[in-house]
Amino acid sequence: MEGPVDRFQRTINYMRISVTDRCNLRCIYCMPDTGTIPIPHSETLRYEEIVRIVRAAAGMGLRKIRITGGEPLVRKNITHLIRLLSAIEGIEDLSLTTNGIFLAEYAEELAEAGLRRVNISLDSLKPDRYREITRGGDIERVFKGIEAAQKAGLVPVKINMVPIRNLNEDEVGDFALMTLSDPLQVRFIEFMPFSGCGAWSPERVVPAEEIQKSIERLGVLRPAKTKKSGPARYFAFEGAAGVIGFITPLSNHFCSECNRLRLTAAGKLRPCLFSDTEIDLKPAVRGCDDDTEIQRLISLAIAVKPEGHNMEFRETWLGKNRLNKDSFKSMSKIGG
Ligand code: SAM
């Protein structure tokens, strides 16, 4: 089965699931230093509820699941969830996005439970700057996490870096050069207007084109073939072990290829990261035993998935959408 097709002829076969909105870090561009008000535990989907939703979705043809958060590795017994999800018929790809702090402890058991791959968020290679950006994170633990993930076969390990003007943009070259000897997929993601802490402004966005140009000063980049699995455009230095990707939610929208739905930790299904439309699955999950009601709501989310978003990084954006930048939601709440 190919998966359900929406009204813009996109096959929707991918669900990103936030298992918690809590995080052990407080990245300065993602969360206020005080954190955000967490969803009460009683409102957070339980593992068996997530499994029911995924089983219903798999029955409709969804094939790919990514676990995210908040920080998914802070949720108790996450390996148990991975084991349950990997056993669901129809799920072909199960991956997880993490800040990597606890990964060295978990990599082997996650792989053994059926996890295929990990994405690790890392915005600086300098210990002091990493500590500043994450408000206290120890970069050595992330390096150990990357090593452990590779050793456990959670490959390719993807490193996600968000370059931000006057914060870490000077490090894009060092990140790119890591791919010469290490079989990593280093991906640069444009800074999007989410934060909930006023960190975003159009001037702080470093467009992918600019990042690519600065990397090309270090060597020739050629388009790289990778298993197509998302919105990144990939390149590689001649003879490099790894590849470099660019993800351009602002400068070059990829909505026409968007194949995903997002499930928040509170059980709300969001058809688009940039729209506030959400469909609450919790009443169906908690209120009735019949999975066809869950499937009906998933179909509804697919039916209302917008054709695209209109976000850009120009100054006009804020005015155009009449948004107050301090009102932006944090990615940790939506599930990054
Ligand atoms: N805790 C996990 C982690 O650190 O990967 C998963 C959740 S985190 C919210 C997911 C990703 O969202 C991270 O890679 C982070 O860099 C990214 N992110 C958060 N705010 C962002 C923003 N405003 N623009 C682009 N990426 C953002």
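**View 1. The shell around the ligand, sorted by class.** Around the ligand, the shell splits into 7 nonpolar, 8 polar and 2 charged residues. In this scheme Ala, Val, Leu, Ile, Met, Phe, Trp, Tyr, Cys and Pro go down as nonpolar, Asp, Glu, Lys and Arg as charged, and the others, Gly among them, as polar. This is a predicted model, so local features need pLDDT of at least 70 and side-chain atom pairs count only at pLDDT 80 or more, while totals for chains, interfaces and linings use all residues. Side-chain values use heavy atoms, with hydrogens and water left out, and residues are numbered from 1 along each chain as its sequence is written. In total, 17 residues surround the ligand (a residue is near a molecule if one of its heavy atoms lies within 4 Å of it). The closest are Y29, G70, E71, S121 and M192.

**View 2. Polar atoms facing the ligand.** Look for polar contacts here, meaning pairs of N or O atoms within 3.5 Å; within protein, one atom must be able to donate a hydrogen and the other to accept it, and residues adjacent in sequence count only if both atoms are side-chain atoms. S121 puts a polar side-chain atom 2.5 Å from an oxygen atom of the ligand. For E71, a polar side-chain atom sits 3.0 Å from a ligand nitrogen atom. T98 joins in with its backbone: an N or O atom there is 3.4 Å from an oxygen atom of the ligand. On its own the ligand has 550 Å² of accessible area, and the protein covers 94% of that (Shrake-Rupley method, 1.4 Å probe).

**View 3. Helix 5 from cap to end.** Helices (H or I, at least four residues) and strands (E, at least two) are DSSP runs, numbered from the N terminus. Helix 5 takes in residues 139–152, and at 1.5 Å a residue its 14 residues should span 20 Å (1.5 Å times one less than the number of residues). The end C-alpha atoms are 20 Å apart, which agrees. At the N-terminal end, D138 does the capping, with a side-chain oxygen 3.0 Å from the backbone nitrogen of E140. After the helix comes G153, with a positive phi near 85°.

**View 4. The buried residues of helix 5.** I139, V142, G145, I146, A148 and A149 are buried (under 20% relative accessible area; exposed is over 50%, partly exposed in between, 1.4 Å probe, protein chains only). An α-helix has 3.6 residues a turn, so residues three or four places apart point the same way. The buried residues pack against helix 3 (103–113), strand 4 (117–121), helix 4 (127–134) and strand 5 (158–161), where contact means heavy atoms within 4.5 Å.

**View 5. T97 on strand 3.** T97 belongs to strand 3 (residues 93–98) and is buried, at 11% relative accessibility. Its side chain makes a polar contact of 2.9 Å with that of R66. Leaving aside neighbours within four places in sequence, T97 is in contact with R16, R66, I67, T68, P72, N119 and S121.

**View 6. Two loop residues, N259 and I28.** Which side chain shares a polar contact of 3.1 Å with that of N259? It's N13. N259 lies in the loop between strand 9 (243–247) and strand 10 (260–263), and counts as buried because its relative accessible area is 19%. I28 is in the loop between strand 1 (14–18) and helix 1 (47–60), and at 26% relative accessibility I28 is partly exposed.
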